[in-house]
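Dear colleague,

I am passing on a structure for your consideration. Please find it directly below, followed by a summary of what was found in it.

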Amino acid sequence: MKYRVIIERDEEGMFVAEVPALPGCISQGETRAEALRNIQEAIEVYIENLKAHNEPIPPSIEEEIVEVAM
C-alpha cells in the first residue's frame, strides 16, 4: 500500500513526518531518511491496530507527477 507522507522541519530542526490519510499517524527523525523509516513503521503499526479493531483501512493512493516546463 502507498500513502502520501508530508515531511517538514520543526523549529528545533527535526524532520516531522505525517500521513494525512491516517489521522494522528506522525513520527520524526533527526534526518529525512530517519523520519521516513520511522513513519513507515508507524504506518505499519497504525494499520495493524485498525485491523485488530475491525476498522476500515484507508485505500492506497495512486498519483502521477507532471512536470511543466517554464
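The notes below take the sheet, then its edge strand, then the helix.

Please bear in mind that this is a predicted model. Its three strands make up an open sheet in the order 1-2-3, with antiparallel pairing. Strand 1 (6–9) and strand 3 occupy the edges with a single partner strand each, so one side of each lacks a neighbour in the sheet. On average, neighbouring strands are turned by 25° against each other, direction ignored.

Strand 2 (residues 15–18) and strand 3 run antiparallel and are joined by four bridges. Across this pairing, Phe-15 stands opposite Gly-29, and Val-16 stands opposite Gln-28. The side chains of strand 3 (residues 26–29) alternate: Ser-27 and Gly-29 are buried and point to one face, whereas Ile-26 and Gln-28 point to the other and are not buried.

Helix 1 (residues 32–52) packs on the sheet and touches strand 1, strand 2 and strand 3; its direction makes about 150° with that of strand 3. With 21 residues, helix 1 reaches 30 Å from its first C-alpha to its last, close to the 30 Å expected at 1.5 Å a residue.

The buried residues of helix 1 are Ala-35, Ile-39, Ile-43, Ile-47 and Leu-50. They lie on the same side of helix 1 because they cover an arc of only 105° around the axis. These buried residues pack against strand 2 and strand 3. On the other side of helix 1, the exposed residues include Arg-37, Glu-41, Glu-48 and Ala-52. Just after helix 1, Asn-54 adopts a positive phi of about 50°.

With kind regards

Terms used:
Residues numbered from 1 in each chain as written. Predicted model: local features only at pLDDT ≥ 70, side-chain atom pairs only at ≥ 80, totals over all residues. Heavy atoms only, no water. Buried < 20%, exposed > 50% of the residue type's maximum accessible area, 1.4 Å probe, protein only. Helix = DSSP H or I, 4+ residues; strand = E, 2+ residues; numbered from the N terminus. Pairing = 2+ DSSP bridges. Axes fitted to C-alpha atoms, helices over the stretch in contact; angles between N-to-C directions. Contact = heavy atoms within 4.5 Å. Expected span 1.5 Å × (residues − 1). Arc of directions from axis to C-beta.
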